[in-house]
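Here's a walk through a protein model, written for someone who'd rather be at the bench. Have the structure open and follow along.

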Amino acid sequence: MKENPTRQPGDDTTRGVRAAASRFGTPELPRHHVPRPRGLDLLTRADAVPLVVVVAPAGTGKTSLVAEWVKSGGRSGDTAWVTLDGGDGALGARLGPGVFWNAVLRCLDDLGVAVGHDPGPAGSWLPSLAAAVVAGGRRLTLVLDDHHLASDEVMVDVELLLRLTAGRLRLVLVGRHPPALPLYRYRMTDAVLELGFAELAFDDAEAAALLAAVGTAPGRPEIHALNSHHHGWAAGLVLAGRGARTRSATAPAAPDLDVADYLRREVIDALPGALRRFVLGTCLPDEFDDALAEEVAGPGADDLLRAARAVAFALPSSREGHHTYPPVVRAVLRSLLVHGDPHRLREIRAATARWSRRRGAADDAVREFAAAGAWDELAETLANERLLVRLVLEGAGGSLAPSALRLRTARTTVSAAAVVRAAGHLAVSDPVGCADELARVPAHGAERGRAAVEAARSRLVGDAATALRSADAAARVLGGELGAHPAGALPMLVRQCRGVALLRHGAFELARAAFEDAADHGEVRALRADGLAHLALTGAVEGTLADAEAAAADALELAGEFDSALGGHATAHVALALVALDREEFIAVRRHLNAAQPVVEPLPRYLAHHVTAALDAAEGNSTSAANRLHAAAAEARGTDPWIADRLRIEAARGALLDGHPGLALHELDVLTRPSGAAAVLAAAAHARRGRAEDDTAAGRALAAVADGFPSVRDRVEALLVEADLRLNHHTSGRAEAAVDAALRLAAPHHLRLPFRHASPAVRALLAGRTRPRQRPAGESPGDEHVPVEALTAREREVLGHLTELLTTEEIAAAMFVSVNTVRTHVRGILRKLGVHRRYAAVRRARELGLLDR
């Protein structure tokens, strides 16, 4: 810096005493300094403005960047630097006007602006000082480092000096909070350059250079992760890098206590009380907005948010109007909050929970209400119909269950609490506890939730008839007609429960319609998974294995980590076990049976018994298989007559495969009602017994199958029985035609087990087929998939919306038609494409090229 030849000898002594709290001269760059061309490029814009403000928290490299700019710009002759010193460096320690202005005057002396006397009140000498600056004819730069240590009253005179020097004096203010200047005036005229933490943050390349300078050289992915964690905060990177260099290899993930200490002591503890309370109050969510800021701080939230952005690392997030803290800062703030005043912590958690609830972040709200011990608000939040359905279906593995279970021992005053407790018991497969809590629900409180939870409970413990009555009663409470398309998560849960009850009665078509609705319901993922899983179970029982497999896979993908007794996880695995059994993939059968455990719902549990018995039979343990089936049928007889019949049919099948057609017919005689599967098996038993009267009985049984609505499996088995009868009558041509038809029908589903169960004569016919059947002229290999009718224009439009995964309601809105009209079109599409659900329809349409037309 230049010497001032006109300075009086006594001035240094006087001003040296008055400015003893300051250090003069541009500081040397730190040993591990990293060049920062991005920051330097920003500072080049300072040439056009009289005021530069560099404000950021401690450890961001403010001083080193400005020092690099001063040194690299060759401005030493026109630039003076003073670092103000408040002793302990706390934000609250302010320098008075005398010390501040003497430091400024010494800098101006060094720049050749003669001031030969100690100043009195600034207003009396500032005009002459400004005139002396202007008269010098040079543009001078004065860097005031740690300007935040100067008192606010000083800044009034600083602003006057800037105006009077008319651009000849440029001030560079470097500090930890914004100066008390009317910055908005300078912004209006583009007369100020402002740099904050966002501009000072190191990018990955700069972070790598900084870490290398302190002796650490992690790989690129590690650098990116570390820099993201610190958001380019220089001090954090340096401390973390040095810590990594000395950290034990056995504890590479240990937290860096130096970083936490630095943040706490240099940044957070130095904040004014109101600002410290603000940052602690907004650190629980990963992001916060103005609404949470106001919830925490009240009317002064805007000013505190601006201060937090300047001095406490608050940053704008990727979402407009939202803010966040770097992960390392957020972690330290949360630690201070958790280990601080418990009462204040509860207040902040409750405020955060209310904010989360208003913005639709239900999981966050539930978690924070529970942590705050705000039990009434927690119960009221969980009583929301969508959350209640999630709680029931997601089970103990869901995000809501841990908080809901804490209500079991909490004191509450709201009527909804008993319903939430009941749902929580159901989530952990405790129907007895669920019933006890439902009995505590007030007579005129939470009727909708009570009815729906009772319908779900009946799926686990009631017989099929009771489960259906419970679902019907709940539907009436929720105000919907039984055949209407329900709106909302809770009515849809009840409809799904009714579908399960109908399936337990063997009413496949009615049940499938309910499951389709649930699978199409986009509001609750677990509800969709439950619908898809039961669609898969229905398809597996009927033999549409490809559709069943796809539905089960979709269900498991949606169910994810959920492990509720309801919700579809176990049901989907049982469906896949049935599919694998029909395909004779026995390793997969065992895998899915193991994954399904425990199977609590009655229907999949009984079907799991069927699969296990089939495995026993396949391994030659026919007696064990029969005993298991008879025991399960006896258990089901009082609660589920349809599944009891189904198990009896499988026992009859085992007797037939063991060569006892008479015993098979005896097993079938005790069934409570006729079915297609029973008729096919009876026909097979008569055909294998070989008596004259048996041919007639077998024919009648097959006619009964044809007159009904047989499933794919029943149709395949019926064709194989027909082939057996044709072979008995030595009409091998017709037998081959029947076998061909069975193969074509089974091929899309990879259905194999019926062919293994066919009669020895039919199996011999299958084994002797050395070439494929000759197709009639004009028939292509894919003709069996061609729709029985062409799709209408409206059906093709609906099909297009199905590919976009729109719900029924969304399709209706897009087409300006009613929901019932859309459902009619969907049923037509499914019928014409020969599938049972909309996902399968989309796949079939793609196979046929219908979506390309």
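What follows goes from the overall numbers to helix pairs, and then to single residues.

## The big picture

First things first: this is a predicted model. The protein has 853 residues, and 52% of them count as buried. Its secondary structure adds up to 45 helices and 9 strands.

Look at who touches whom, and you'll see that 70% of the contacts with a separation of 6 or more are between residues 24 or more positions apart. As for the outside, the accessible surface is about 36,500 Å², and carbon and sulfur atoms own 54% of that.

## Two helix pairs at about 25°

Start with α20 (residues 385-394) and α22 (residues 416-427). Their axes sit 7 Å apart and the packing angle is about 25°. An angle under 35 degrees counts as roughly parallel, so α20 is roughly parallel to α22. On the α20 side, the contact uses Leu 388, Leu 391 and Val 392, while α22 brings Val 419, Val 420, Ala 423, Gly 424, Leu 426 and Ala 427. Sort those residues by class and you get 8 nonpolar, 1 polar and no charged.

Next up are α28 (residues 525-542) and α30 (residues 569-582), which pack at about 25° with axes 8 Å apart. That angle makes α28 roughly parallel to α30, and their crossing is left-handed. From α28 come Ala 533, His 534, Ala 536, Leu 537, Ala 540 and Val 541; they meet Thr 571, Ala 572, Val 574, Ala 575, Leu 578, Val 579 and Asp 582 from α30. The class count for this contact is 10 nonpolar, 2 polar and 1 charged.

## An oblique pair

Now for α13 (residues 273-281) and α14 (residues 290-297). Their axes come within 9 Å and cross at roughly 130°. Because of that angle, α13 counts as oblique to α14. The crossing is right-handed.

Which residues do the touching here? Arg 277, Phe 278 and Gly 281 in α13 meet Ala 293, Val 296 and Ala 297 in α14. By class, the contact of α13 with α14 has 4 nonpolar residues, 1 polar and 1 charged.

## Two buried helix residues

Ala 735 belongs to helix α39 (residues 732-746). With a relative accessible area of 0%, Ala 735 is buried. Setting aside residues up to four places away in sequence, Ala 735 touches Ala 723, Arg 726, Leu 727 and Leu 765. You can also check Leu 719, 16 residues away along the chain: the C-alpha atoms of Ala 735 and Leu 719 are 8.8 Å apart.

Ser 64 sits in helix α3 (residues 62-72). Is Ser 64 buried or exposed? Its relative accessibility is 15%, and since buried means under 20%, Ser 64 counts as buried. Not counting neighbours within four places in sequence, Ser 64 has contacts with Leu 29, Pro 30, His 33 and Arg 36.

## Odd spots in the loops

Most residues other than glycine have a negative phi, and most peptide bonds are trans. With that in mind, a few loop residues deserve a look.

His 231 has a positive phi, near 55°, and lies in the loop between α10 (220-230) and α11 (234-246). At 36% relative accessibility, His 231 is partly exposed. Phe 313 also has a positive phi, near 70°; you'll find Phe 313 in the loop between α15 (301-311) and β8 (315-316). Phe 313 is buried, at 0% relative accessibility.

Then there's the bond between Gln 597 and Pro 598, a cis peptide with omega at about -5°. Pro 598 is in the loop between α31 (586-596) and α32 (602-618).

## One exposed loop residue

Finally, where is Thr 413? Thr 413 is in the loop between α21 (401-405) and α22, the helix that packs with α20. With a relative accessible area of 68%, Thr 413 is exposed. The C-alpha atoms of Thr 413 and Ala 379 are separated by 9.5 Å, with their positions 34 residues apart along the chain.

How values were computed. Residues are numbered from 1 along each chain as its sequence is written. This is a predicted model: local features need pLDDT of at least 70, side-chain atom pairs count only at pLDDT 80 or more; totals for chains, interfaces and linings use all residues. Side-chain values use heavy atoms; hydrogens and water are left out. Axes are lines fitted to C-alpha atoms, for helices over the stretch in contact, and angles run from 0 to 180 degrees between N-to-C directions. Helices (H or I, at least four residues) and strands (E, at least two) are DSSP runs, numbered from the N terminus. Angles under 35 degrees count as roughly parallel, over 145 as roughly antiparallel, 65 to 115 as roughly perpendicular and the rest as oblique. A crossing is left-handed if the near helix is turned anticlockwise from the far one by less than a right angle, and right-handed if clockwise. Contact means heavy atoms within 4.5 Å. Ala, Val, Leu, Ile, Met, Phe, Trp, Tyr, Cys and Pro count as nonpolar, Asp, Glu, Lys and Arg as charged, and the others, Gly among them, as polar. Buried means under 20% relative accessible area, exposed over 50%, partly exposed in between (1.4 Å probe, protein chains only). Accessible areas come from the Shrake-Rupley method with a 1.4 Å probe; for residues, only the protein chains shown count as cover.
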